[in-house]
Amino acid sequence: MKGQSYNKLSPNLKRRKRKESFFKILMVASAALVLLSLVLILITILWKSLPALQISMIIKTPSSGYYLGEEGGILNAILGSLQLILGATLLALTIALPAVIFLQSYLKKKSTTAEIIRFSLDVLWGIPSIVYGAFGFLIMIALQLRASLLAGIITVAMVELPILSRSLDETLRLVPVELKETTLSLGANRWQTTTKVMLRQAIPGLVTGVLMAMGRGLGDAASVLFTAGYTDRITTSFLQPVATLPLAIFFQLNSPFPEVQQRAYASAAILTLLILLISLISRSLSRRLSRHKIL
């Protein structure tokens, strides 16, 4: 009897082992494909950018004949991208943080209102950037604004808002309920519990959400195409047009001159380096801030 039951089970065990081996191979192949794609992109960009990747590109603004192959750099686009992304992230965080605090502390977890808000944020996250650009263009017309840094900040903030909101919301939901209940039992009100306890526990996740939002905004070209404009000068006012690295890459790639096209790849390498620096800074801050977590 024992031998018969073993013979009946062994095909099932073999089938399970084959399935397990298949999925292991699939996971390893998927991971290798992701890593290979990243390496190929980086190698291609660096190889294409080496002939034009010079210090003058970082410290100079475009000359009058820059897009015809003459000397100059993309300092205007580097500074413009930083101005745009910092302003947009600050604006989006100013709106997202109170909204998530209200969602977490003043609404029931499974209330209809909370579910509608989360669903709306998910939909907003998936909307293409060009739609945000078109909507930002309508807002710009309604406010009688020209293409400017301010209009670009408003548009990119709308792109970043659902990313920041959902990231912070999911992070706060991971904070143990017991910690919240203990704080309330000690006499703290909802606002104190959220801002002084829950947010402190969520700081590493908040930093990660800010990183994701900044990465999306920094590499976004469609949303600022109609709203931020473009200029070869360094922007010194919120009402002036601003240059960005994605649009600088786009305009340079459209040039028929090979020298200018090489500069486009150099601009792409600089943009990739900026995102890498933001990632490293974010990871470092996350590790340091996680020391303040109670759990």
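What is the volume of the second largest cavity? It comes to about 40 Å³. Keep in mind that this is a predicted model, so everything below is computed from predicted coordinates. Here's a quick tour of the core, one helix, a buried aspartate, the cavities and the largest pocket.

**The nonpolar core**
- The largest nonpolar core is made up of 49 residues, and Ile74, Leu168, Leu172 and Leu245 have the most contacts inside it.
- Six helices each put at least two residues into this core: α3 (75-105), α6 (149-173), α8 (190-201), α9 (203-218), α10 (245-253) and α11 (258-289).
- Helix α3 gives the largest share, with 9 residues.
- Take Leu168 as an example: once you set aside neighbours within four places in sequence, Leu168 touches Leu97, Val100, Leu199, Ala202 and Leu206.

**Helix α8**
- Helix α8 is 12 residues in length, and its first and last C-alpha atoms sit 15 Å apart, close to the expected 16 Å.
- Its buried residues are Thr193, Thr194, Val197, Met198, Leu199 and Gln201.
- Cover for those buried residues comes from elements including α3, α6, α7 (177-185) and α9.
- Leu199 ties this helix to the core story, as one of the contacts of Leu168.

**A buried aspartate**
- Asp169 belongs to helix α6.
- Is Asp169 buried or exposed? Asp169 counts as buried because its relative accessibility is 1%, and the cut-off for buried is under 20%.
- Beyond neighbours within four places in sequence, Asp169 is in contact with Val100, Leu103, Gln104 and Arg118.
- Val100 turns up on the contact list of Leu168 and on that of Asp169.

**The cavities**
- The model has 2 cavities of 30 Å³ or more.
- The largest cavity holds about 50 Å³ of space.
- Around the largest cavity you'll find Ser81, Leu84, Ile85, Val156, Gly217, Leu218, Asp220, Val224, Thr244 and Pro246.
- Two elements, α3 and α9, give two or more residues to that lining, and α3 supplies the largest share with 3 residues.
- By class, the lining of the largest cavity splits into 6 nonpolar, 3 polar and 1 charged.
- As for the second largest cavity, Gly136, Ile139, Met140, Leu143, Leu145, Ala151, Ile154 and Thr155 line it.
- Helices α5 (129-142) and α6 are the elements that give two or more residues to the lining of the second largest cavity.
- That second lining has 6 nonpolar and 2 polar residues, with no charged ones.

**The largest pocket**
- The largest pocket has a volume of about 170 Å³.
- Its lining consists of Pro51, Ala52, Gln54, Ser56, Met57, Lys60, Glu71, Gly72, Glu259, Gln262 and Arg263.
- Helices α2 (56-59) and α11 are the elements with two or more residues in this lining, and α11 gives the most, with 3.
- Sorted by class, the pocket lining has 3 nonpolar, 4 polar and 4 charged residues.
- Helix α11 therefore shows up in two places, since α11 supplies at least two residues of the largest nonpolar core and lines part of this pocket.

Terms used
Residues numbered from 1 in each chain as written. Predicted model: local features only at pLDDT ≥ 70, side-chain atom pairs only at ≥ 80, totals over all residues. Heavy atoms only, no water. Core = buried A, V, L, I, M, F, W, Y, C linked by side-chain atoms within 4.5 Å. Buried < 20%, exposed > 50% of the residue type's maximum accessible area, 1.4 Å probe, protein only. Helix = DSSP H or I, 4+ residues; strand = E, 2+ residues; numbered from the N terminus. Contact = heavy atoms within 4.5 Å. 1 Å grid on protein atoms, 1.4 Å probe; cavity = no way out; pocket = protein on both sides within 12 Å on 5 of 7 lines; lining within 4 Å. Points joined across faces, edges and corners; volume = space filled by probe spheres on them. Nonpolar A, V, L, I, M, F, W, Y, C, P; charged D, E, K, R; others polar. Expected span 1.5 Å × (residues − 1).
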